[in-house]
Amino acid sequence: MLQEIKVLFQKELQLEWRQKYAVHGLLLYLASTIFVCYLSFKAKQESISPITWNVLFWVILLFIAINAIGKSFTQESSQRGIFYYTLVKPESVIYSKILYNSILMTGISLVGIFVYSWVMGNPVGNMSLYVIALILGSIGFASTLSLVGGIAAQAENTSTLMAVLSFPIIIPLLLFLLKLSKSALDGISIAENWDEIAVLASLDVIVIVLSGILFPYIWRH
């Protein structure tokens with residue numbers, strides 16, 4: 001199965017390389033959203049509190065994740081799905097997409113925090129802890145939305161169904177991310193936040209494992 005995941009992951013990279021406009025569109029969406037935030041706060045000489053700064057950034061990342069990962073299955077034609085069905089295991093399909101989307105979201109998150117801090121200021125007291133939250137959040141968004149995208153792709157109105165299904169699942173993850181990133185804003189050390197880090201890592205692992213269990217049933221139908 002590892003070989004299948006590797007091949008499918010390479011396929012995702014090749015498709016993205018051929019369709020560079022997709023990543024460029026996400027980066028443009030990120031930059032334009034941050035610029036709107038700048039116009040709303042900084043350009044009007046209004047101060048933004050650290051809590052607002054933090055919540056606003058995670059909301060931006062969440063909507064970028066939905067736009068970026070939502071196309072994972074929608075861009076796959078039914079003929080290609082049948083082709084995969086005859087060659088690889090369903091677990092390989094979902095795990096390759098989770099791996100690719102996790103790397104994509106981590107990259108976008110790191111670029112995003114750099115641009116966001118440059119434009120909106122940086123009130124983070126412990127940047128290392130904040131980066132850990134970004135990585136765990138990126139993996140959580142990628143695994144959750146990849147599974148939900150696989151479910152939504154089996155029905156009509158994929159975008160609407162994906163939004164309806166994903167938000168109730170992502171809200172608990174988002175609450176933990178806000179709590180951990182708030183500790184990073186306050187400059188609290190990583191050692192004092194092992195519990196939150198462990199909970200977030202456990203949530204990511206649970207979603208990934210459940211994806212491997214549930215996706216084969218979706219795939220067969």
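Aromatic pairs and the packing of α3 with α7

Colleague: In this predicted model, are F57 and Y130 buried or exposed?

Modeller: F57 is buried, and Y130 is buried as well, where the word buried stands for a relative accessible area under 20%.

Colleague: What makes F57 and Y130 an aromatic pair, and why is the pair called tilted?

Modeller: The ring centres of F57 and Y130 are 6.5 Å apart, with 40 degrees between the planes; because stacked needs under 30 degrees and edge-to-face over 60, the rest being tilted, the pair of F57 and Y130 is tilted.

Colleague: Which parts does this pair tie together?

Modeller: F57 belongs to helix α3 and Y130 to helix α7, so the pair joins parts that lie 73 residues apart in sequence.

Colleague: How are α3 and α7 packed?

Modeller: Their axes are 10 Å apart and make an angle of about 35 degrees, and the crossing is right-handed. Among the contact residues are F57 and W58 of α3, with Y130 and F141 of α7, and the contact as a whole has 14 nonpolar residues, three polar and no charged.

Colleague: Why is the pair of F35 and Y38 called stacked?

Modeller: The planes of F35 and Y38 are at 25 degrees, with the ring centres 6.3 Å apart, and since planes under 30 degrees apart count as stacked, the pair is stacked.

Colleague: How do you know whether F35 is buried, exposed or partly exposed?

Modeller: Its relative accessible area is 48%, and because buried means under 20% and exposed over 50%, F35 is partly exposed; Y38, at 29%, likewise counts as partly exposed.

Notes
Residues numbered from 1 in each chain as written. Predicted model: local features only at pLDDT ≥ 70, side-chain atom pairs only at ≥ 80, totals over all residues. Heavy atoms only, no water. Axes fitted to C-alpha atoms, helices over the stretch in contact; angles between N-to-C directions. Helix = DSSP H or I, 4+ residues; strand = E, 2+ residues; numbered from the N terminus. Left-handed = near helix turned anticlockwise from the far one by under 90°. Contact = heavy atoms within 4.5 Å. Nonpolar A, V, L, I, M, F, W, Y, C, P; charged D, E, K, R; others polar. Phe/Tyr/Trp six-rings, centres within 6.5 Å; stacked < 30°, edge-to-face > 60°. Buried < 20%, exposed > 50% of the residue type's maximum accessible area, 1.4 Å probe, protein only.
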